[in-house]
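Here are some short exercises to work through with the model open beside you. Try each task before you read its solution.

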Amino acid sequence: MSIHPVAFVGAGPGAEDLITLRGLHALEEADLVLYAGSLVNPGLLDRCKPGCRRRDSAPMNLEEQVGLMSEAALAGERVVRLHTGDPAMYGAINEQIRGLAEKGVASCVVPGVSSVFAAAAALGCELTAPDVSQSVVLTRTPGRTPMPEGENAAAFARTGALLAFFLSTGKIDVLMQDLMREGGLAPDTPAAVVYRASWPDERILRGTVSDIARKVEEAGFGRQALIFVGRALAAGGGVSRLYGADFSHGYRNRLPTEAFDGRCALYAFTDKGLSRAREIAAGLGLPCPIHSTRPGGDGVEHTPGERLDEALARKWGDFDAHIFIGAAGIAVRKIAPFLRDKTSDPAVLNCSESGAHVISLTSGHLGGANRLARRVARITGGQAVVSTATDVNGLPAFDEVAAQEHARILNAEAIRPLNAALLAGEPITFCGPRAVFERHFGALSQIVHADRPEAVATARAVLWDVEGALPDGVEHLDITSKAYVLGIGCRRGVEPLELRFITEGHLSDLGLRPENIAAVASCDLKADEPAILELVEKWHVPARFYDAATLDAVPVPTPSDKVREKIGTRSVSEAAALLGAGYAPDVTAQPHLYAPKAAFGDVTLALARLPHVKAAPKRGGLVVVGLGSGAPGHLTPETEAALRGC
Ligand code: SAH
């Protein structure tokens, strides 16, 4: 009988597909897997062969672990010890290897992707930035394991190297103070924290050594986070993503069922409601103005009851979500006058003062209210109350799928019949990209895939980025990925590669891809700007240019008088994006400024979202009626009906 060495395998940082092939192979062959509790993705354990024993090491002490592994190995079994990230970083493997050797069992190590590199990937930056710093210190603050003399954070900080701290979020406040006071770091030294790198709920916080501790505390990150500090973080191609003053997307929850990137406004009516609103605003990590009928101090807009309707009327269209804290009745009465239709209404949520229930009231799918309700419920520790029929039945509504994919619906009147057919279990063909089909409908036998519209053989179909003719009589929903117009302002002579790097990075920060861009827009001075022309060619999209007077006439949230002095318009990127997406003073389905101006060095970017095309409004009419004598009983039935109907 041969005795196999125990394999210490790096499981990677979390995502199932970030284990190495060698590690996966060892896992698939193993008879016994001892794994590091909740830190290892359970999906990896599903790769083990039937009959493989899987044991969580969390409740075991060293002796028990070594005993279990050595017994199995000596009985000829293949044993894998699965560690998070790479076993060499804080893996405590030395003592296990020694213990096994004492029992006559050899070991080998299979490296893994350490969380430090998954976190760097999430930040999208190089840790060793040329001209800034060429060294990285992987370290930690002391815990139960003390730090050896000389290895203190302040001393490392003085070297100018980029610092990465494991196991330290619990003490981040003290650590940052120490780095500034003893380590001499300037308060504006960039810092970032990555929570659960590569997991679906990964979050990123960016800031400086002076404010990152507060941000981490507000976000309530647990221990599974890494802290980075150093100038190298802001060095990406000379472009500082951290310093874009109006860079609004602090972190994103990337669970597809909880993703919401829009602007939220909160309304509270009591002191308790106000503290709940603060908790939600901090947890969302997005800039969210809080309106309170009670005076609330810092960061709260005091809006006495009688002024609330007026405030709501002013802000209704400026926000993607309105979150009311308190009795649902108040919310329902307040919003009723503003509701129009589900393709354009914002998401409205009502959260009970206790946070126990978060109700998705309007625009559950296209407006994202259901996703936002789940996300807010996660923050308050409560339950999301979602009542849309497809969700209740666990079915992927087509408008929800479009929203999750950042796509745009071209014939909104078809949403209802297609979703109804889905609920009724009728066969539907999805004609479009396989990847989208697999992501959302692959598990549903009711929905079949077709590559071309001519091949559709069901009475209903969803067309996704598809042109071509359907067989006669097929009822269909038309969807396109191209739902955004990117407005660009830039200095003359910007490097084409730099512009691409900045634009694609910004899109990705917003959860978008170049495929989501319908057009690029700017001012006519840029009509021959090589970087813009190269970009549109690369993305296969049209470019649209507008003169200064046209741009200046568009109302935008971030106007600049300085820009106006130079080129005659207060806004380039925001105004161009809106115009490119069809803004005109008199149209009803206005585009929507999805991401206001963000500055990246000499480049400013803004994104407008094209409206979902609405059903043509029913034709109105004019009825001339005679009131008879004027007494109520003397109206003809026709007159009465006309009066009731108007
Ligand atoms: N061997 C592991 C580190 C284990 S020590 C590795 O190479 O990644 C545990 C610490 O690692 C945590 O306190 C946290 O600082 C960090 N960590 C582990 N997984 C992480 C993840 N997915 N995202 C961010 N930090 C993580």
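A residue is near a molecule if one of its heavy atoms lies within 4 Å of it. This is a predicted model, in which local features need pLDDT of at least 70 and side-chain atom pairs count only at pLDDT 80 or more, while totals for chains, interfaces and linings use all residues. Residues are numbered from 1 along each chain as its sequence is written, and side-chain values use heavy atoms, with hydrogens and water left out.

**Exercise 1.** Find how many residues surround the ligand, and which are the closest.

Solution. Start with the count: the ligand is surrounded by 18 residues. Then pick out the closest, which are Met-89, Ser-114, Ser-115, Ala-197 and Ala-225.

**Exercise 2.** Find which atom of the ligand lies 2.9 Å from a backbone N or O atom of Thr-84, then look at Ser-114 and Ser-115.

Solution. For Thr-84, the partner is a nitrogen atom of the ligand; a polar contact is a pair of N or O atoms within 3.5 Å. Next, a side-chain N or O atom of Ser-114 is 2.8 Å from an oxygen atom of the ligand. Last, Ser-115 places a polar side-chain atom 2.6 Å from a ligand oxygen atom.

**Exercise 3.** Explain why the ligand lies between domain 1 and domain 2.

Solution. First take the bounds, which come from an automatic or database domain assignment: domain 1 covers 6-113 and domain 2 covers 116-234. Both domains give residues to the shell around the ligand, so the ligand lies between them.

Key
Polar contact = N/O pair within 3.5 Å; in protein donor to acceptor, adjacent residues only side chain to side chain.
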